[in-house]
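Me: I'm new to this one and would like a close look at a single part of it. Could you give me a bit of background and then walk me through that part slowly?

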Amino acid sequence: MNRSQNPHPPQPQGPYDGQRYDGQQYDGSQYGDQRYGDQFGDPYGDPYADPYGESDSASWFNSDGSRQAAQGQGYGTQAAYPREQEQSYVPGIPGQRQREDQPTYALHTVEVTPAEPSYHIPVTPEAGWDMAASRRRAWVSRAVLLCILLIQTVLSLRLSNTAFQDEALYLSSGHEQLDHLLNGTPVTTDYASYFSGSPTLYPVLAALVDGWFGLTGARVLSLLFMLGTTALLYSFSRRMFNERAALAGAALFAVTQSTIVLGYFATYDAPAIFLLAAAAWVIVRTDRAPVAVVLLAAPPAVLAVGVKYASALFLPTLVVLALLTAWPHRGKAAFVRAVLLGVGIAGLLGVALYGTDVLEGVRATTTAREHGTDSAVDLLKKSALWGGLMFLTACGGAVSYIRRGRMNESPLALRLSGPGWRWRLLLGLLLCGTAMLAPAYQIHLSTSVALYKHLGFGLLFAAPMAGIGVTRLVGAHFRYPQLGILLWVTVLCLGLSQSVERFASWPGTSGLNTVLRTHITPDKGRYLASTPNVPVYYLRDITEQSRWTSLYGIGYKDDKGKVHRGADGYRTAIKDGWFDMVVLDGVATPQMDKVVIAALKESGKYRLAGTVPFKVGSGDGTYRVWIKSS
């Protein structure tokens, strides 16, 4: 059969007719006259385009940038033959040769403006509180200090008793000095020879106040001095450390026995300790000032020694403090500051000694004072009882401060620099060591007389370190406040009980003064008493100091000119009928009272005019008044 006779002539084969892919045979009869360009779009189109979406042929370009129109390409039709050499690329069939000129897709760039957020996260600070000084912190600290001063005031004002013999002595001498200054009345007693302070300083001031407001006014004057001491302590402690340590130190100092008693005790201890605190405040406050400014601390320091000679014990502390406080800021120039202060103090002291006659009193009451009989162990026990807890707190604070200068409660503190451990060691030794000067001095003298008062001088300098001890005990961020409260309450209870015992340790004289006024002849007579200063003070309108003799010592000259002293002097004077009246209490000098009573009975020249009961401590006592009968 020839070609023309074949009823089914062979059709032209497509480029993929007869080929199998995945088990299917692709041929022209299978697809017929389907046109992929018409139904599915351009076979070289975007493989990710939606096949049912609208065709956007305008977005398709060749690599040369010319626009390509959509053309239908059928399989199994005559139109496919002229393009046999250019096989069409069918998506999804592997192994095909891609056309060299592939269409590219141009992305549309859309600029989107982000919406403004409704909430902004604030920047978190490195520390939740500021370490720098602020007005708010200053006022809060002052408010707490005011509460401390109010507590101190209440604790002192609650004490009550008639004048102690030292109070009566200083006030009586002050009135005599005032009469001499104002009216030219001669001073009959050489007070400078046995006073432990200048008789022309505190006694005159106290007598001036006493003349207007009585004994209560003179005692309130001492309270003002002690309140000022506490305030100055807070101020220079805050300057050295911080508000918290300053408040803790002031709170402890305000409730000790020494502070409470001296705050209502008309003696020169309160003004002396105030002047020392003022000198220390000037030294600390001027640590960054020019070196010569430290000389402002010399006058109050020297004046403190003039008011109470024992204050000289603490002058070296002031000089060394001037060195240590200036060292972090001035380095070696701090030695010049300390030397300048020492020379200034020495110069003023020399002028004061040259221009006055107090040197004999300094020797009699301070440098060459008569030694007692108290043992060192007994004095140490009393020192520990009256100030030991605060001293131990100061020692603990010093050890903690030497080991670590800051508690680093704030991360900002880690970047702060401070003095090294050697400087902190010297400061701790200075402040804590000063508290031991008074007990050491009393042990040297073997006497407990005025020990409780002298302890207050040393605790003034130990108080800043005690404040450090309290803050370290409480911990960072007030971790253990109960420990600080427990410590303060313990010191408070000790101060309360000890101050009450101290004011009850001498007998009251209200009833005795009434009896004595009826037996004293104005500006006449000679009298012997256990504590003559008290009746002299209360009855100064009808008697004077020169007419009274105490049981602490006598120098009686008989008719032959022989001087009798001690027990023999009292026996001889009573035998000769020298005294017109004898007053004994059995408390101040119990041993000498027995000698005098025996001499009175043996002489036969005196009769017991009466007795006046009194209370002392936890017991009772009786005043015995003997009158000369012939």
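Where does UniProt place the feature "transmembrane region"? After that, the part I'd like to zoom in on is the open sheet of 5 strands: in what order do its strands come, and which helix lies across strand 9, strand 10 and strand 11?

Reply: Sure. One thing to keep in mind throughout is that this is a predicted model.

Background first. The UniProt record, an unreviewed entry, puts "transmembrane region" at residues 139-159, 212-234, 309-327, 334-354, 384-402, 423-443, 455-474 and 483-500. Take residues 455-474 as one of them: in the model that span is 100% helix and 0% strand, with 26 Å between its end C-alpha atoms. Residues 483-500 are likewise 100% helix and 0% strand, and their end C-alpha atoms lie 26 Å apart.

Here is some helix packing from outside your sheet, for comparison later. Helix 6 (residues 243-254) and helix 16 (residues 451-474) cross at roughly 130°, and their axes come within 7 Å. That angle makes helix 6 oblique to helix 16, and their crossing is right-handed. On the helix 6 side, R244, A245, A248, G249, L252 and F253 take part, meeting residues of helix 16 that include G456, L459, A463 and G467. Sorted by class, this contact has 10 nonpolar, 4 polar and 1 charged residues.

Helix 13 (residues 376-403) and helix 15 (residues 437-445) cross at roughly 155°, with axes that come within 9 Å. Helix 13 and helix 15 are therefore roughly antiparallel, since angles over 145 degrees count that way. Helix 13, too, passes helix 15 in a right-handed crossing. Their contact is built from A376, L379, L380 and S383 on helix 13, with P439, Q442 and I443 on helix 15. No charged residues appear there; the split is 5 nonpolar and 2 polar.

Now for your sheet. The order of its 5 strands is 6-5-9-11-10, and the pairing is mixed. Strand 6 (548-550) and strand 10 are the edges: each has a single partner strand, so one side of each is left without a neighbour in the sheet. From one strand to the next, the twist averages 15°.

Strand 11 (residues 619-628) is a good place to stand and look both ways. In one direction is strand 9 (residues 581-584), which runs antiparallel to strand 11 and is joined to it by 4 bridges. If you want a pair to find on screen, L584 has R624 as its bridge partner in strand 11. In the other direction is strand 10 (residues 606-616), also antiparallel to strand 11, with 10 bridges between them.

You can follow that second pairing residue by residue. Y606 is partnered with K628 of strand 11, G610 with V625, and F614 with G621. Strand 10 and strand 11 form a hairpin with 2 residues between the strands, and G617 takes a positive phi near 60° there.

Next comes the helix you asked about. Helix 21 lies across strand 5 (527-529), strand 9, strand 10 and strand 11, and it runs at about 145° to strand 9.

Helix 21 also has a helical companion. Helix 20 (residues 566-575) packs against helix 21 (residues 590-603) at an angle of about 25°, with the axes 9 Å apart. Angles under 35 degrees count as roughly parallel, and helix 20 and helix 21 are therefore described that way. Their crossing is right-handed. Helix 20 brings A567, Y570, R571, I574 and K575 to the contact, while helix 21 brings M592, V595, V596, A599, L600 and S603. By class, that gives 8 nonpolar, 1 polar and 2 charged residues.

To retrace it on screen, start at strand 10 on the edge, step to its antiparallel neighbour strand 11, carry on to strand 9, then find helix 21 lying across these strands and helix 20 packed against helix 21.

Definitions and conventions: Residues are numbered from 1 along each chain as its sequence is written. This is a predicted model: local features need pLDDT of at least 70, side-chain atom pairs count only at pLDDT 80 or more; totals for chains, interfaces and linings use all residues. Side-chain values use heavy atoms; hydrogens and water are left out. Axes are lines fitted to C-alpha atoms, for helices over the stretch in contact, and angles run from 0 to 180 degrees between N-to-C directions. Angles under 35 degrees count as roughly parallel, over 145 as roughly antiparallel, 65 to 115 as roughly perpendicular and the rest as oblique. A crossing is left-handed if the near helix is turned anticlockwise from the far one by less than a right angle, and right-handed if clockwise. Contact means heavy atoms within 4.5 Å. Ala, Val, Leu, Ile, Met, Phe, Trp, Tyr, Cys and Pro count as nonpolar, Asp, Glu, Lys and Arg as charged, and the others, Gly among them, as polar. UniProt positions are given in the numbering used here, feature names are shortened, and annotations may be inferred rather than shown by experiment. Two strands pair if DSSP finds at least two bridges between them.
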